[in-house]
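Grab a pencil and keep the viewer open. Below are a few exercises, each with a solution worked through step by step.

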Amino acid sequence: MKSVKPKKSLGQHFLIDKEIAKKIVMSLSNPKNVLEIGPGTGILTEFLINKNINLKLVEIDSESVDFLIQELSVNEKIIFKQDFLKLDLKGLFNQNSFSVIGNFPYNISSQILFKIIENREIISEMIGMFQLEVAERICENEGSKKYGIISVLTQAFYHTEFLFSVSSNLFNPRPKVNSAVIKLIIKRDIKLQCDENLFFKIVKLSFQQRRKTIRNSLKTFNLSKNLREHTIFDNRPEQLSVNKFVQLTNLISEDTRY
(Lines give C-alpha, C1' and ligand atoms only; values in the text may rest on other atoms or scores of the structure.)
Protein backbone atom coordinates (compact mmCIF):
# COMPACT_ATOMS: atom_id res chain seq x y z
CA MET A 1 0.00 0.00 0.00
CA LYS A 2 1.30 3.42 -0.96
CA SER A 3 2.09 5.82 1.91
CA VAL A 4 2.60 9.57 2.18
CA LYS A 5 5.57 11.10 3.97
CA PRO A 6 4.49 14.16 6.01
CA LYS A 7 6.26 17.27 4.80
CA LYS A 8 7.39 19.85 7.34
CA SER A 9 7.45 22.56 4.67
CA LEU A 10 3.69 22.10 4.18
CA GLY A 11 2.94 21.93 7.90
CA GLN A 12 1.54 18.42 7.50
CA HIS A 13 0.44 16.59 10.65
CA PHE A 14 -1.84 13.76 9.53
CA LEU A 15 -4.71 12.83 11.82
CA ILE A 16 -4.57 9.07 12.48
CA ASP A 17 -7.65 8.49 14.66
CA LYS A 18 -10.66 7.45 12.58
CA GLU A 19 -13.16 8.03 15.38
CA ILE A 20 -12.09 11.65 15.64
CA ALA A 21 -12.23 11.93 11.83
CA LYS A 22 -15.77 10.58 11.82
CA LYS A 23 -16.74 12.98 14.60
CA ILE A 24 -15.37 15.93 12.59
CA VAL A 25 -17.33 14.97 9.47
CA MET A 26 -20.49 14.33 11.50
CA SER A 27 -20.21 17.91 12.81
CA LEU A 28 -21.16 19.22 9.38
CA SER A 29 -24.73 20.40 8.93
CA ASN A 30 -26.45 18.98 5.86
CA PRO A 31 -24.71 20.87 3.06
CA LYS A 32 -25.05 20.15 -0.64
CA ASN A 33 -21.56 21.37 -1.44
CA VAL A 34 -18.37 20.72 0.55
CA LEU A 35 -14.75 21.74 -0.01
CA GLU A 36 -12.10 19.83 1.94
CA ILE A 37 -8.83 21.69 2.42
CA GLY A 38 -5.64 19.62 2.57
CA PRO A 39 -7.06 16.08 2.69
CA GLY A 40 -3.56 14.54 2.93
CA THR A 41 -4.04 10.80 3.45
CA GLY A 42 -7.82 11.15 3.23
CA ILE A 43 -8.89 10.25 6.75
CA LEU A 44 -11.74 12.79 6.51
CA THR A 45 -12.26 12.16 2.81
CA GLU A 46 -13.15 8.50 3.47
CA PHE A 47 -16.19 9.61 5.43
CA LEU A 48 -17.04 12.50 3.13
CA ILE A 49 -17.16 10.46 -0.08
CA ASN A 50 -19.83 8.23 1.46
CA LYS A 51 -22.14 11.17 2.06
CA ASN A 52 -24.64 12.43 -0.49
CA ILE A 53 -22.80 15.69 -1.20
CA ASN A 54 -21.06 17.49 -4.02
CA LEU A 55 -17.47 17.15 -2.76
CA LYS A 56 -14.32 18.88 -3.98
CA LEU A 57 -10.80 18.69 -2.56
CA VAL A 58 -7.89 21.12 -2.70
CA GLU A 59 -4.46 19.60 -2.12
CA ILE A 60 -1.08 21.13 -2.99
CA ASP A 61 0.98 17.99 -2.21
CA SER A 62 1.31 15.81 -5.33
CA GLU A 63 2.17 12.74 -3.25
CA SER A 64 -1.08 13.12 -1.31
CA VAL A 65 -3.02 13.60 -4.56
CA ASP A 66 -1.60 10.34 -5.93
CA PHE A 67 -2.50 8.56 -2.69
CA LEU A 68 -6.10 9.80 -2.77
CA ILE A 69 -6.53 8.65 -6.37
CA GLN A 70 -4.76 5.30 -6.08
CA GLU A 71 -5.65 4.17 -2.56
CA LEU A 72 -9.05 5.77 -1.96
CA SER A 73 -10.24 5.77 -5.59
CA VAL A 74 -11.03 9.49 -5.41
CA ASN A 75 -12.04 10.88 -8.79
CA GLU A 76 -9.19 13.07 -10.02
CA LYS A 77 -11.73 15.52 -11.45
CA ILE A 78 -12.80 16.68 -7.99
CA ILE A 79 -9.23 17.44 -6.82
CA PHE A 80 -7.75 20.91 -7.25
CA LYS A 81 -3.97 20.48 -7.20
CA GLN A 82 -3.04 23.91 -5.91
CA ASP A 83 -2.62 26.20 -2.94
CA PHE A 84 -5.95 26.98 -1.27
CA LEU A 85 -4.80 30.53 -0.56
CA LYS A 86 -4.47 31.12 -4.32
CA LEU A 87 -7.63 29.25 -5.33
CA ASP A 88 -10.49 31.25 -6.87
CA LEU A 89 -13.45 30.15 -4.77
CA LYS A 90 -16.20 32.00 -6.62
CA GLY A 91 -16.67 29.45 -9.39
CA LEU A 92 -16.08 26.27 -7.40
CA PHE A 93 -19.76 25.43 -7.03
CA ASN A 94 -21.22 27.70 -9.73
CA GLN A 95 -21.56 30.64 -7.33
CA ASN A 96 -23.54 28.48 -4.89
CA SER A 97 -22.71 28.49 -1.19
CA PHE A 98 -20.65 25.69 0.30
CA SER A 99 -19.13 24.35 3.50
CA VAL A 100 -15.40 24.10 4.22
CA ILE A 101 -13.84 21.29 6.23
CA GLY A 102 -10.28 20.33 7.01
CA ASN A 103 -7.36 19.61 9.30
CA PHE A 104 -5.62 22.90 8.59
CA PRO A 105 -1.82 23.27 8.53
CA TYR A 106 -0.92 25.34 11.60
CA ASN A 107 1.45 27.59 9.66
CA ILE A 108 -1.33 28.97 7.45
CA SER A 109 -4.48 28.32 9.52
CA SER A 110 -5.10 32.01 10.24
CA GLN A 111 -4.64 32.86 6.55
CA ILE A 112 -7.15 30.14 5.67
CA LEU A 113 -9.63 31.63 8.12
CA PHE A 114 -9.20 35.16 6.76
CA LYS A 115 -9.75 33.87 3.22
CA ILE A 116 -12.96 32.22 4.43
CA ILE A 117 -14.07 35.55 5.92
CA GLU A 118 -13.26 37.32 2.65
CA ASN A 119 -15.48 34.80 0.85
CA ARG A 120 -18.25 34.84 3.46
CA GLU A 121 -20.96 35.44 0.86
CA ILE A 122 -20.41 31.91 -0.49
CA ILE A 123 -18.94 30.02 2.50
CA SER A 124 -21.85 29.25 4.81
CA GLU A 125 -20.08 26.90 7.23
CA MET A 126 -16.65 25.75 8.35
CA ILE A 127 -15.53 22.78 10.41
CA GLY A 128 -11.82 23.19 11.00
CA MET A 129 -8.94 21.75 13.03
CA PHE A 130 -6.70 24.45 14.48
CA GLN A 131 -3.94 24.70 17.01
CA LEU A 132 -5.76 24.74 20.38
CA GLU A 133 -4.65 28.27 21.27
CA VAL A 134 -5.83 29.66 17.91
CA ALA A 135 -9.17 27.84 18.20
CA GLU A 136 -9.70 29.35 21.64
CA ARG A 137 -8.88 32.84 20.37
CA ILE A 138 -11.33 32.55 17.46
CA CYS A 139 -14.20 31.59 19.80
CA GLU A 140 -13.28 33.84 22.74
CA ASN A 141 -15.62 36.58 23.99
CA GLU A 142 -14.70 40.17 24.81
CA GLY A 143 -13.11 40.81 28.18
CA SER A 144 -10.47 38.10 27.80
CA LYS A 145 -6.77 38.37 27.02
CA LYS A 146 -7.32 35.76 24.29
CA TYR A 147 -9.86 38.01 22.55
CA GLY A 148 -8.28 39.80 19.60
CA ILE A 149 -8.40 40.66 15.90
CA ILE A 150 -9.18 37.11 14.79
CA SER A 151 -12.02 36.89 17.36
CA VAL A 152 -13.70 40.13 16.29
CA LEU A 153 -13.38 39.67 12.53
CA THR A 154 -14.64 36.09 12.66
CA GLN A 155 -17.51 36.77 15.05
CA ALA A 156 -18.62 39.78 13.03
CA PHE A 157 -19.87 37.40 10.33
CA TYR A 158 -20.01 33.89 11.83
CA HIS A 159 -21.44 32.19 14.88
CA THR A 160 -18.48 30.39 16.47
CA GLU A 161 -18.57 27.12 18.40
CA PHE A 162 -15.69 25.34 20.10
CA LEU A 163 -16.47 21.65 19.48
CA PHE A 164 -13.70 19.57 21.11
CA SER A 165 -9.98 19.33 21.80
CA VAL A 166 -7.73 16.77 20.09
CA SER A 167 -4.59 15.34 21.71
CA SER A 168 -1.26 15.70 19.91
CA ASN A 169 -0.90 11.90 20.25
CA LEU A 170 -3.45 11.43 17.48
CA PHE A 171 -1.28 12.85 14.70
CA ASN A 172 1.66 11.74 12.58
CA PRO A 173 4.07 13.36 13.14
CA ARG A 174 3.06 14.41 16.62
CA PRO A 175 2.87 18.24 16.87
CA LYS A 176 4.26 20.04 19.90
CA VAL A 177 0.83 21.44 20.77
CA ASN A 178 -2.71 20.13 21.14
CA SER A 179 -5.41 20.88 18.61
CA ALA A 180 -9.11 21.68 18.61
CA VAL A 181 -12.01 21.54 16.20
CA ILE A 182 -14.31 24.54 15.84
CA LYS A 183 -17.44 25.25 13.84
CA LEU A 184 -18.47 28.46 12.12
CA ILE A 185 -21.99 29.10 10.85
CA ILE A 186 -22.67 32.21 8.79
CA LYS A 187 -24.90 34.83 10.39
CA ARG A 188 -28.14 35.64 8.60
CA ASP A 189 -27.20 39.27 8.03
CA ILE A 190 -23.55 39.33 7.03
CA LYS A 191 -23.63 43.01 6.13
CA LEU A 192 -22.40 45.06 9.05
CA GLN A 193 -24.34 48.21 9.85
CA CYS A 194 -21.24 50.30 9.18
CA ASP A 195 -18.47 50.91 6.67
CA GLU A 196 -16.91 47.42 6.57
CA ASN A 197 -13.52 48.53 5.26
CA LEU A 198 -13.25 51.11 8.02
CA PHE A 199 -14.40 48.49 10.55
CA PHE A 200 -11.56 46.14 9.54
CA LYS A 201 -9.06 49.01 9.74
CA ILE A 202 -10.22 50.10 13.20
CA VAL A 203 -10.18 46.56 14.64
CA LYS A 204 -6.67 45.85 13.37
CA LEU A 205 -5.27 49.21 14.46
CA SER A 206 -6.89 48.98 17.91
CA PHE A 207 -5.35 45.60 18.73
CA GLN A 208 -1.88 46.58 17.52
CA GLN A 209 -1.59 48.42 20.83
CA ARG A 210 -4.00 46.36 22.88
CA ARG A 211 -2.70 47.60 26.27
CA LYS A 212 -3.65 51.15 25.39
CA THR A 213 -7.11 52.67 25.39
CA ILE A 214 -8.89 53.07 22.06
CA ARG A 215 -8.29 56.81 22.38
CA ASN A 216 -4.52 56.30 22.25
CA SER A 217 -4.39 53.45 19.74
CA LEU A 218 -6.48 55.41 17.22
CA LYS A 219 -4.57 58.68 17.47
CA THR A 220 -3.65 58.51 13.78
CA PHE A 221 -7.29 59.18 12.86
CA ASN A 222 -6.93 62.79 14.08
CA LEU A 223 -10.47 62.85 15.44
CA SER A 224 -12.29 65.86 16.81
CA LYS A 225 -11.96 66.65 20.51
CA ASN A 226 -15.68 66.10 21.11
CA LEU A 227 -15.54 62.59 19.69
CA ARG A 228 -12.36 61.67 21.56
CA GLU A 229 -14.18 62.50 24.81
CA HIS A 230 -16.83 59.85 24.11
CA THR A 231 -16.75 57.14 26.80
CA ILE A 232 -16.23 54.35 24.25
CA PHE A 233 -12.67 55.64 23.81
CA ASP A 234 -11.93 54.91 27.48
CA ASN A 235 -11.95 51.17 26.75
CA ARG A 236 -9.11 48.90 25.72
CA PRO A 237 -9.84 46.92 22.53
CA GLU A 238 -10.45 43.58 24.27
CA GLN A 239 -13.32 45.21 26.19
CA LEU A 240 -15.30 45.97 23.02
CA SER A 241 -17.77 43.47 21.56
CA VAL A 242 -18.37 43.24 17.82
CA ASN A 243 -21.40 45.52 18.21
CA LYS A 244 -19.30 48.05 20.10
CA PHE A 245 -16.72 48.04 17.30
CA VAL A 246 -19.57 48.67 14.84
CA GLN A 247 -20.71 51.59 17.02
CA LEU A 248 -17.13 52.90 17.15
CA THR A 249 -16.84 52.66 13.37
CA ASN A 250 -20.01 54.66 12.86
CA LEU A 251 -18.91 57.32 15.34
CA ILE A 252 -15.59 57.74 13.52
CA SER A 253 -17.13 57.73 10.02
CA GLU A 254 -19.54 60.48 11.09
CA ASP A 255 -16.83 62.64 12.65
CA THR A 256 -16.35 65.90 10.80
CA ARG A 257 -12.55 65.62 10.96
CA TYR A 258 -12.28 62.04 9.70
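**Exercise 1.** Work out whether Ser 217 is buried or exposed, and list what Ser 217 touches beyond its neighbours within four places in sequence.

*Solution.* Start with the cut-offs: buried is under 20% relative accessible area, exposed is over 50%, and partly exposed is in between, using a 1.4 Å probe and protein chains only. Ser 217 comes out at 2% relative accessibility, so Ser 217 is buried. Next, place the residue: Ser 217 belongs to helix H8 (residues 214-217). Helices here are DSSP runs of H or I with at least four residues, strands are runs of E with at least two, and both are numbered from the N terminus. Finally, look for contacts, meaning heavy atoms within 4.5 Å. With neighbours within four places set aside, Ser 217 is in contact with Leu 205, Ser 206 and Gln 209.

A word on ground rules before you go on: this is a predicted model, where local features need pLDDT of at least 70 and side-chain atom pairs count only at pLDDT 80 or more, while totals for chains, interfaces and linings use all residues. Residues are numbered from 1 along each chain as its sequence is written, and side-chain values use heavy atoms, with hydrogens and water left out.

**Exercise 2.** Classify the ring pair Tyr 147 and Phe 207, then find out which cluster the two belong to.

*Solution.* You need two numbers, since a pair of aromatic rings is described by the distance of the centres and the angle of the planes. Rings of Phe, Tyr and Trp (its six-membered ring) pair if their centres lie within 6.5 Å; planes under 30 degrees apart are stacked, over 60 edge-to-face, and the rest tilted. The structure has six aromatic pairs. For Tyr 147 and Phe 207 the centres are 6.2 Å apart and the planes are at 70°, so call this pair edge-to-face. Tyr 147 sits in the loop between helix H5 (132-139) and helix H6 (149-155), and Phe 207 in helix H7 (residues 196-208), so the pair ties together parts 60 residues apart in sequence.

Now step over to Phe 245. Its ring centre is 5.9 Å from that of Phe 207 and the planes are at 35°, so this pair is tilted. Phe 245 lies in helix H10 (residues 242-253) and Phe 207 in H7, so parts 38 residues apart in sequence are tied together. Put the pairs together and Tyr 147, Phe 207 and Phe 245 form a cluster. As for cover, Tyr 147 is buried at 0% relative accessibility, Phe 207 is buried at 8%, and Phe 245 is buried as well.

**Exercise 3.** Find which residues have the most contacts inside the largest nonpolar core.

*Solution.* A nonpolar core is a set of buried Ala, Val, Leu, Ile, Met, Phe, Trp, Tyr and Cys residues joined through side-chain atoms within 4.5 Å. The largest has 56 residues, and Phe 199, Leu 248 and Ile 252 have the most contacts inside it. H7 supplies the largest share of this core, seven residues. Leaving aside neighbours within four places, the contacts of Phe 199 include Val 152, Leu 153, Leu 192, Phe 245 and Thr 249. There is also a second, separate core of 29 residues, with Ile 20, Leu 72, Met 129 and Phe 164 among them.

**Exercise 4.** Trace the open sheet of seven strands and say which strands stand at its edges.

*Solution.* Two strands pair if DSSP finds at least two bridges between them. The order reads E4-E3-E2-E5-E6-E9-E7, with mixed pairing. Strand E4 (79-80) and strand E7 (158-166) each have a single partner strand, so they are the edges, and one side of each lacks a neighbour in the sheet. Walk in from E4: two bridges join E3 to E4, and these strands run parallel, with Val 58 bridged to Phe 80 in E4. Strand E3 (residues 54-58) then pairs with strand E2 (residues 33-37), also in the parallel sense, over five bridges. There, Asn 33 stands opposite Asn 54, and Val 34 stands opposite Leu 55. To finish, check the cover on E3: four of its five residues are buried.
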